[in-house]
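Welcome! Have the structure open beside you, and try each exercise before you read its solution.

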Amino acid sequence: LAHDMAVLTQTEAAPLVLTCYDSARAARAQLGSAAEVIDCSGADRSRVDLSVALAQLAERGLRRVLNEGGPTLLGAFVEAGLLDEICLTTAPLLVSGGAVRIAAEEPMP
């Protein structure tokens, strides 16, 4: 992310970037004061721990989270037992293709 992107500069509040310990320093260097970079690692410093991420948001008074990250992220919230509500939009036309289901596990290496 470039520090001068509109999503970072044309906001009413400074954006939060939630990442893991291993990436936080580089993200802070790249973004400067354009965003607050938050380390959300748990035991594995190379991954974001969703429970830690939600706790970090709650510490800032952000207790409602809308997840629009796609099926892999949604699947991670389901697997961690952190999903308490789902808003599902349906359309009158069924289209199929190569997309994964609504909640998917991480792809195997």
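Here are three short exercises on this predicted model.

**Exercise 1.** Find out how strands E1 and E2 run relative to each other, parallel or antiparallel, and which way the crossover between them turns.

*Solution.* Start with strand E1, residues 16-19, and strand E2, residues 36-39. Four bridges join these two strands, and they run parallel. To see one pair, look at Leu18, which stands opposite Ile38 in E2. Next, follow the chain from E1 through helix H2 (residues 21-31) to E2. This β-α-β crossover is right-handed.

**Exercise 2.** Decide whether Thr19 and Gln56 are buried or exposed.

*Solution.* Begin with Thr19, which belongs to strand E1. Its relative accessibility is 14%. Buried means under 20%, so Thr19 counts as buried. Leaving aside neighbours within four places in sequence, Thr19 is in contact with several residues, including Ala24, Val37 and Val48.

Now turn to Gln56, in helix H3 (residues 50-59). Gln56 counts as buried because its relative accessibility is 18%. With neighbours within four places in sequence again left out, Gln56 is in contact with Ile38, Asp39 and Cys40.

**Exercise 3.** Describe the largest pocket and its lining.

*Solution.* First, note the volume of the largest pocket: about 640 Å³. Of the 21 residues that line this pocket, Val65, Leu66, Asn67, Leu83 and Glu85 are the closest to its centre. Then look for elements that give two or more residues to the lining: these are H3 and helix H4 (71-79). H4 gives the most, with three residues. Finally, sort the lining by type: 14 residues are nonpolar, two polar and five charged.

Terms used
Residues numbered from 1 in each chain as written. Predicted model: local features only at pLDDT ≥ 70, side-chain atom pairs only at ≥ 80, totals over all residues. Heavy atoms only, no water. Pairing = 2+ DSSP bridges. Right-handed = clockwise from strand over helix to strand, strands pointing away. Buried < 20%, exposed > 50% of the residue type's maximum accessible area, 1.4 Å probe, protein only. Contact = heavy atoms within 4.5 Å. 1 Å grid on protein atoms, 1.4 Å probe; cavity = no way out; pocket = protein on both sides within 12 Å on 5 of 7 lines; lining within 4 Å. Points joined across faces, edges and corners; volume = space filled by probe spheres on them. Nonpolar A, V, L, I, M, F, W, Y, C, P; charged D, E, K, R; others polar.
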